[in-house]
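Me: I am new to this structure and would like a close, patient look at a single part of it. Please explain each term as it comes up.

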Amino acid sequence: EAGVDDLYVAGLLHDVGLLVVDQFFPAEFDPIQTSRQELDLPLWQQAEDSLGLDHGDVGGLLLGHWGLPPVIVDAVTFHHRPDQAPATHAGICHTVAAAEAVCLELGFGHPAESHPAVDAAPHLARLGLPESRHVELLEELREVAEAGRGLFV
(Lines give C-alpha, C1' and ligand atoms only; values in the text may rest on other atoms or scores of the structure.)
Protein backbone atom coordinates (compact mmCIF):
# COMPACT_ATOMS: atom_id res chain seq x y z
CA GLU A 1 0.00 0.00 0.00
CA ALA A 2 0.99 3.65 0.03
CA GLY A 3 3.49 5.33 2.27
CA VAL A 4 3.42 8.86 3.63
CA ASP A 5 5.46 10.15 0.68
CA ASP A 6 3.00 8.59 -1.75
CA LEU A 7 0.10 10.25 0.04
CA TYR A 8 1.86 13.61 -0.08
CA VAL A 9 2.67 13.38 -3.80
CA ALA A 10 -0.83 12.11 -4.65
CA GLY A 11 -2.35 15.01 -2.73
CA LEU A 12 -0.18 17.50 -4.59
CA LEU A 13 -0.89 16.04 -8.01
CA HIS A 14 -4.49 14.82 -7.71
CA ASP A 15 -5.92 17.68 -9.81
CA VAL A 16 -3.15 17.92 -12.41
CA GLY A 17 -5.72 16.76 -14.97
CA LEU A 18 -7.64 20.03 -14.48
CA LEU A 19 -4.61 21.92 -15.78
CA VAL A 20 -4.31 19.63 -18.78
CA VAL A 21 -7.95 19.88 -19.85
CA ASP A 22 -8.02 23.62 -19.25
CA GLN A 23 -4.87 24.25 -21.31
CA PHE A 24 -5.18 21.67 -24.08
CA PHE A 25 -8.90 20.90 -24.41
CA PRO A 26 -10.74 24.19 -23.93
CA ALA A 27 -13.26 23.44 -26.69
CA GLU A 28 -14.34 20.30 -24.82
CA PHE A 29 -13.99 21.66 -21.30
CA ASP A 30 -15.48 25.17 -21.56
CA PRO A 31 -19.05 23.98 -22.30
CA ILE A 32 -18.87 21.69 -19.26
CA GLN A 33 -17.80 24.60 -17.07
CA THR A 34 -20.56 26.80 -18.48
CA SER A 35 -23.41 24.31 -18.08
CA ARG A 36 -22.22 22.77 -14.83
CA GLN A 37 -24.37 24.96 -12.58
CA GLU A 38 -27.51 24.29 -14.61
CA LEU A 39 -27.09 20.53 -14.30
CA ASP A 40 -26.19 20.67 -10.59
CA LEU A 41 -23.50 18.03 -10.97
CA PRO A 42 -19.96 17.98 -9.66
CA LEU A 43 -17.47 18.98 -12.36
CA TRP A 44 -15.87 15.54 -12.50
CA GLN A 45 -19.25 13.82 -12.95
CA GLN A 46 -20.33 16.16 -15.72
CA ALA A 47 -17.02 15.69 -17.53
CA GLU A 48 -17.30 11.93 -17.23
CA ASP A 49 -20.88 12.01 -18.49
CA SER A 50 -20.03 14.34 -21.38
CA LEU A 51 -16.58 13.17 -22.40
CA GLY A 52 -16.33 9.64 -21.02
CA LEU A 53 -13.51 10.57 -18.65
CA ASP A 54 -12.84 13.10 -15.94
CA HIS A 55 -9.79 15.15 -14.98
CA GLY A 56 -8.65 12.33 -12.70
CA ASP A 57 -8.47 10.01 -15.69
CA VAL A 58 -6.60 12.64 -17.69
CA GLY A 59 -4.15 13.28 -14.85
CA GLY A 60 -3.61 9.57 -14.33
CA LEU A 61 -2.84 9.08 -18.01
CA LEU A 62 -0.31 11.91 -17.93
CA LEU A 63 1.39 10.70 -14.75
CA GLY A 64 1.50 7.14 -16.06
CA HIS A 65 3.11 8.40 -19.25
CA TRP A 66 5.67 10.22 -17.13
CA GLY A 67 6.48 6.96 -15.33
CA LEU A 68 5.20 7.78 -11.86
CA PRO A 69 4.48 4.76 -9.66
CA PRO A 70 1.13 3.00 -10.14
CA VAL A 71 0.04 3.92 -6.60
CA ILE A 72 0.26 7.64 -7.49
CA VAL A 73 -1.33 7.12 -10.91
CA ASP A 74 -4.27 5.24 -9.36
CA ALA A 75 -4.68 7.79 -6.55
CA VAL A 76 -5.01 10.57 -9.13
CA THR A 77 -7.15 8.56 -11.53
CA PHE A 78 -9.64 7.40 -8.90
CA HIS A 79 -9.73 10.32 -6.48
CA HIS A 80 -13.38 10.98 -7.38
CA ARG A 81 -14.24 7.30 -7.71
CA PRO A 82 -12.24 5.56 -4.98
CA ASP A 83 -14.64 2.61 -4.86
CA GLN A 84 -13.57 1.75 -8.42
CA ALA A 85 -9.85 1.76 -7.61
CA PRO A 86 -7.81 -1.44 -7.69
CA ALA A 87 -7.94 -3.08 -4.26
CA THR A 88 -4.18 -2.73 -3.84
CA HIS A 89 -4.47 1.07 -3.98
CA ALA A 90 -7.94 1.63 -2.52
CA GLY A 91 -6.59 3.11 0.72
CA ILE A 92 -4.68 5.95 -0.91
CA CYS A 93 -7.57 6.64 -3.30
CA HIS A 94 -10.01 6.92 -0.40
CA THR A 95 -7.56 9.12 1.52
CA VAL A 96 -7.18 11.58 -1.37
CA ALA A 97 -10.96 11.59 -1.87
CA ALA A 98 -11.46 12.31 1.84
CA ALA A 99 -8.89 15.12 1.84
CA GLU A 100 -10.49 16.79 -1.16
CA ALA A 101 -13.99 16.40 0.31
CA VAL A 102 -12.84 17.95 3.59
CA CYS A 103 -11.24 20.88 1.76
CA LEU A 104 -14.34 21.46 -0.35
CA GLU A 105 -16.65 21.19 2.65
CA LEU A 106 -14.54 23.73 4.53
CA GLY A 107 -14.47 26.08 1.54
CA PHE A 108 -10.77 25.66 0.80
CA GLY A 109 -11.03 23.59 -2.36
CA HIS A 110 -10.52 24.48 -5.98
CA PRO A 111 -13.37 26.79 -7.05
CA ALA A 112 -13.92 24.84 -10.27
CA GLU A 113 -14.68 21.72 -8.25
CA SER A 114 -16.86 23.17 -5.52
CA HIS A 115 -20.32 21.69 -5.32
CA PRO A 116 -22.95 22.15 -2.61
CA ALA A 117 -23.49 18.40 -2.26
CA VAL A 118 -19.93 17.73 -1.06
CA ASP A 119 -20.03 15.84 2.22
CA ALA A 120 -16.82 14.64 3.81
CA ALA A 121 -18.59 12.33 6.32
CA PRO A 122 -18.83 9.22 4.10
CA HIS A 123 -15.16 9.53 3.14
CA LEU A 124 -14.07 9.97 6.74
CA ALA A 125 -16.18 7.01 7.82
CA ARG A 126 -14.63 4.88 5.08
CA LEU A 127 -11.21 5.69 6.54
CA GLY A 128 -12.37 4.46 9.93
CA LEU A 129 -12.87 7.78 11.70
CA PRO A 130 -15.77 7.41 14.13
CA GLU A 131 -18.73 9.64 13.30
CA SER A 132 -18.48 11.17 16.76
CA ARG A 133 -15.11 12.68 15.72
CA HIS A 134 -16.14 14.14 12.34
CA VAL A 135 -17.32 17.55 13.55
CA GLU A 136 -14.35 17.92 15.88
CA LEU A 137 -11.90 16.99 13.13
CA LEU A 138 -13.47 19.39 10.64
CA GLU A 139 -13.26 22.20 13.17
CA GLU A 140 -9.61 21.41 13.93
CA LEU A 141 -8.81 21.38 10.22
CA ARG A 142 -10.68 24.64 9.67
CA GLU A 143 -8.52 26.29 12.36
CA VAL A 144 -5.31 24.92 10.83
CA ALA A 145 -6.37 26.06 7.35
CA GLU A 146 -7.28 29.54 8.59
CA ALA A 147 -3.95 29.84 10.38
CA GLY A 148 -2.14 28.66 7.23
CA ARG A 149 -4.08 31.09 5.07
CA GLY A 150 -2.63 33.94 7.12
CA LEU A 151 0.85 32.92 6.06
CA PHE A 152 0.13 33.69 2.41
CA VAL A 153 -2.04 36.79 2.64
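Reply: Helices (H or I, at least four residues) and strands (E, at least two) are DSSP runs, numbered from the N terminus. With that in hand, one can see that helix α4 is followed by G52, a residue whose phi is positive, near 90°. The model is a predicted one, in which local features need pLDDT of at least 70 and side-chain atom pairs count only at pLDDT 80 or more, while totals for chains, interfaces and linings use all residues. Residues are numbered from 1 along each chain as its sequence is written, and side-chain values use heavy atoms, with hydrogens and water left out.

Helix α4 itself spans residues 43–51, and within it L43, W44, Q46 and A47 are buried, a word that stands for under 20% relative accessible area, with exposed over 50% and partly exposed in between (1.4 Å probe, protein chains only). Seen down the axis of α4, these buried residues fall within an arc of 165° and so line one face of the helix; the arc is that of the directions from the helix axis to the C-beta atoms.

The part to dwell on is α6, which runs over residues 70–77 and is mostly covered, since seven of its eight residues are buried. Those residues are V71, I72, V73, D74, A75, V76 and T77, and what covers them includes α1 (4–13), α5 and α7 (90–106).

Taking α5 (residues 55–65) as the partner, α5 and α6 pack at an angle of about 165°, with their axes 7 Å apart (axes are lines fitted to C-alpha atoms, for helices over the stretch in contact, and angles run from 0 to 180 degrees between N-to-C directions). That makes α5 roughly antiparallel to α6, where under 35 degrees counts as roughly parallel, over 145 as roughly antiparallel, 65 to 115 as roughly perpendicular and the rest as oblique. On the α5 side G56, D57, G59, G60, L63 and G64 take part, and they meet I72, V73, V76 and T77 of α6, contact meaning heavy atoms within 4.5 Å.

From α1, the residue to follow is A10, which is buried, with a relative accessible area of 0%. Setting aside residues up to four places away in sequence, A10 touches I72, A75 and V76, as well as I92 and V96. A10 and V71 are 61 residues apart in sequence, yet their C-alpha atoms are 8.5 Å apart in space.

Helix α7, another of the elements covering α6, also packs with α9, at an angle of about 70° and with the axes 11 Å apart. That makes α7 roughly perpendicular to α9, and the contact is made by V102, E105 and L106 of α7 together with L138, L141 and R142 of α9.

Also in α7 is C103, which counts as partly exposed at 34% relative accessibility. Leaving aside neighbours within four places in sequence, C103 is in contact with F108 and G109, while its C-alpha atom is separated by 15 Å from that of L13, 90 residues apart along the chain. G109 also gives a reference point for α9 (residues 131–152), where G148 lies: the C-alpha atoms of G148 and G109, 39 residues apart along the chain, are separated by 14 Å. G148 is partly exposed, with a relative accessible area of 22%.
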